[in-house]
Amino acid sequence: MAEVDSQATLDDIVFAHRNKAYGAYDLRKSYPKAVTRALIIGGILFTLGVLTPTILTALAPEEKQVSMVEVDLMKIPPPPIDPNEPPPPPPPPVEVPKVNTVKFLPPEVKPDEEVPEETPPPAVEELKEAVAAEKTVIGDPNADEVIAAPEATAAPTKVEKAVEAAPKEDQIFTVVEQQPEFSGGMAALGQYLQKNLRYPAAAQRANISGRVFVSFVVNTDGSIQDVQVLKGLGFGTDEEAKRVVQAMPRWRPGKQSGRPVRVKFNLPINFTLE
């Protein structure tokens, strides 16, 4: 029996008395080195893959953060006034056309010696094209406003009330004596919006919140017309605000000189994520 070398490897024993130039012997002999080399290369690539985001973040330049600051316009001080700067000139007077008036004074009790010569009252035909006043004035028959004649002999304690012309039916006011109002007041309006307003899904996913400003006209019968979005947020909030306003019940119409008129109203609608 042949003696076995104590330092011989498994490959030497397997390939003893055989042709070692055969490829299998060379592969078995170089296999441990190939495995070790593959493990080292794989470990290096894995480490680089894990550390790459950290390295890129460290090498990237810092981005400047933009912060939004809410400014209260009511607290901004007015600009300084230059005492050497002359004041602006007053606006030129606007001459308003006067309508035809006919002298017709109300009866007043006086002593006989102070009673002037009797003047007959104006005829009905004259009052169709003129307005009763303290003196007769020839004005513009197409004028829309009535200007009260200046007092010449009236006592200082008397106050004459000017006659106001009725507003046109299609005229839209922005400021009136009595503003239009939602039935039940602003508290009822808030309850209506809270009950009927639906938060759009797109705005929820994008985390959008804020105010949508809507403009509309309240007609003389309280109906809503000409709904427009003045400033919106997008993501479906503008369309939802417009839909809720168009579906509102009738308002109490605004009034000017005691008459219902059409009034343009601006309404902010809040979209808040809870």
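## A walk through the salt bridges and beyond

Start by selecting Arg243, which is partly exposed at 31% relative accessibility (buried is under 20% relative accessible area, exposed over 50%, partly exposed in between, with a 1.4 Å probe and protein chains only). You're looking at a predicted model, where local features need pLDDT of at least 70, side-chain atom pairs count only at pLDDT 80 or more, and totals for chains, interfaces and linings use all residues. Residues are numbered from 1 along each chain as its sequence is written, and side-chain values use heavy atoms, with hydrogens and water left out.

Now add Glu240. Its side chain meets that of Arg243 in a salt bridge, 2.6 Å from N to O (the term means a side-chain nitrogen of Lys or Arg within 4 Å of a carboxyl oxygen of Asp or Glu). Both sit in helix α6, 3 residues apart, so about one helical turn separates them (helices, H or I with at least four residues, and strands, E with at least two, are DSSP runs numbered from the N terminus). Glu240 counts as buried, at 11%.

Keep Glu240 on screen and bring up Leu197, in the loop between α4 and α5 (201–205). Neighbours within four places in sequence aside, Leu197 is in contact with Glu240, Val244, Ile269, Asn270 and Phe271 (contact means heavy atoms within 4.5 Å). Measure C-alpha to C-alpha from Leu197 to Val244 and you should get 6.5 Å, though their positions lie 47 residues apart in sequence.

How many salt bridges does the structure hold? There are 3, so two stops remain on that theme.Next, select Asp221 and Arg250, whose side chains meet in a salt bridge at 3.0 Å, N to O. Asp221 lies in the loop between β4 (210–218) and β5 (224–231) and Arg250 in the loop between α6 and β6, so the pair ties together parts 29 residues apart in sequence. Asp221 is partly exposed at 44% relative accessibility, while Arg250 is exposed, at 52%.

Then pick Glu181 and Arg252, another salt bridge, with 3.6 Å from N to O. This pair links distant parts of the chain, 71 residues apart: Glu181 is in the loop between β3 (172–173) and α4 (185–196), and Arg252 in the loop between α6 (237–246) and β6 (254–256). Glu181 is partly exposed at 35% relative accessibility, and Arg252 is partly exposed at 44%.

For the last stop, jump to Ile40 in helix α2 (residues 23–59). Select Ile41, Ile44, Leu45 and Leu48 along with Ile40, and you have a nonpolar surface patch of about 490 Å². Patches are made of residues with over 30% relative accessible area and no salt bridge, joining like charges within 9 Å and nonpolar side chains (Val, Leu, Ile, Met, Phe, Trp, Tyr) within 5 Å. The areas come from the Shrake-Rupley method with a 1.4 Å probe, and for residues only the protein chains shown count as cover.
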